[in-house]
Amino acid sequence: MMSSAWPSDEAHADQPGMADVMAKSPKILFSTSLRQVEEGPRWQNVELRHEIDGKALRAEARDFTTLGSGSVVQQLTRLGLVDQYTFVVNPVVLGDGKNAFKGVDTSELKLSESRSFKNGLVWLTYERA
């Protein structure tokens, strides 16, 4: 999804700064089905991994952000690799959805930041207590 959106002409016209950041930032793609990833001038630095290896991620000792994959976040959480959750809530009623905290002991989380914006979006940050 990200590789089809951010390299597009539309993304570079509408949000050139963010599109450039997304294009050049290092990315880890977790996939059990893909065997290779295609890079280009607007989509670079993609590393394909076929499993989430907690030991390997800890050994790398670097911070990373997960965008748009609840199942990856849940796996990282179970491995003890999530320090902070940040959500941008868009007030659109879909009527159904996935539980972002499935399998997560939410009693260990505390709201550390919240911001609301004029357009109705709300930013929420939770950290482990």
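## The largest nonpolar core

In this predicted model, the largest nonpolar core is made up of 9 residues: Ile-52, Leu-57, Val-72, Val-73, Leu-76, Val-82, Tyr-85, Val-104 and Leu-109. Helix α5, residues 70–78, gives the most to this core, with 3 residues. Such a grouping fits a familiar pattern: in soluble globular proteins, nonpolar side chains tend to be buried together.

There is also a second, separate core of 6 residues, which includes Trp-6, Ala-11, Trp-43 and Val-46.

## Helix α5 and its cover

Let us look at α5 a little longer. Its buried residues are Val-72, Val-73, Gln-74, Leu-76 and Thr-77, and Val-72, Val-73 and Leu-76 also belong to the largest core. An α-helix has 3.6 residues a turn, so residues three or four places apart point the same way. Among the elements that cover the buried residues of α5 are β1 (27–30), α4 (54–60) and β3 (84–89). Just after the helix comes Gly-80, with a positive phi of about 75°.

Leu-57, another member of the largest core, makes a good stop on the way around. Setting aside neighbours within four places in sequence, Leu-57 is in contact with Ile-28, Phe-30, Arg-49, Ile-52, Phe-64, Leu-76 and Leu-81. Of these contacts, Ile-52 and Leu-76 are fellow members of the largest core.

## Leu-109 and the β4–β5 hairpin

Is Leu-109 buried or exposed? Leu-109 counts as buried because its relative accessibility is 16%, and the cut-off for buried is under 20%. This leucine sits in strand β4, which covers residues 109–116. Not counting residues up to four places away in sequence, Leu-109 touches Tyr-85, Phe-101, Val-104, Tyr-126, Glu-127, Arg-128 and Ala-129. Tyr-85 lies 24 residues from Leu-109 along the chain, and their C-alpha atoms are separated by 9.1 Å. Tyr-85 and Val-104 join Leu-109 in the largest core.

Strand β4 pairs with β5 (residues 122–128) in the antiparallel sense, over 7 bridges. One of the pairings links Ser-116 with Val-122 in β5. The two strands form a hairpin with 5 residues between them, and in the turn Gly-120 has a positive phi of about 95°. As for the strands themselves, in a regular strand the side chains alternate between the two faces of the sheet.

## An unusual backbone at Asn-45

Which residue has a positive phi of about 60° although it is not a glycine? That residue is Asn-45, found in the loop between β1 and β2 (46–49). For background, most residues other than glycine have a negative phi. Asn-45 is partly exposed because its relative accessible area is 40%, between the limits of 20% and 50%.

## The chain as a whole

Stepping back, the protein chain has 5 helices and 5 strands, arranged along the sequence as α-α-α-β-β-α-α-β-β-β. The C-alpha trace spans about 45 × 40 × 30 Å along its principal axes. Of the chain's 129 residues, 20% count as buried. Among contacts with a separation of 6 or more, 35% come from residues 24 or more positions apart.

The accessible surface of the protein chain comes to about 9500 Å², and 51% of this belongs to carbon and sulfur atoms. As for charge, the chain has 15 positive and 17 negative side chains, and the centres of these two sets lie 3 Å apart.

Terms used
Residues numbered from 1 in each chain as written. Predicted model: local features only at pLDDT ≥ 70, side-chain atom pairs only at ≥ 80, totals over all residues. Heavy atoms only, no water. Helix = DSSP H or I, 4+ residues; strand = E, 2+ residues; numbered from the N terminus. Buried < 20%, exposed > 50% of the residue type's maximum accessible area, 1.4 Å probe, protein only. Contact = heavy atoms within 4.5 Å. Areas by Shrake-Rupley, 256 points an atom, 1.4 Å probe, with all protein chains shown as cover. Lys, Arg positive; Asp, Glu negative; His and termini not counted. Charge placed at Lys NZ, Arg CZ, Asp CG, Glu CD. Pairing = 2+ DSSP bridges. Core = buried A, V, L, I, M, F, W, Y, C linked by side-chain atoms within 4.5 Å.
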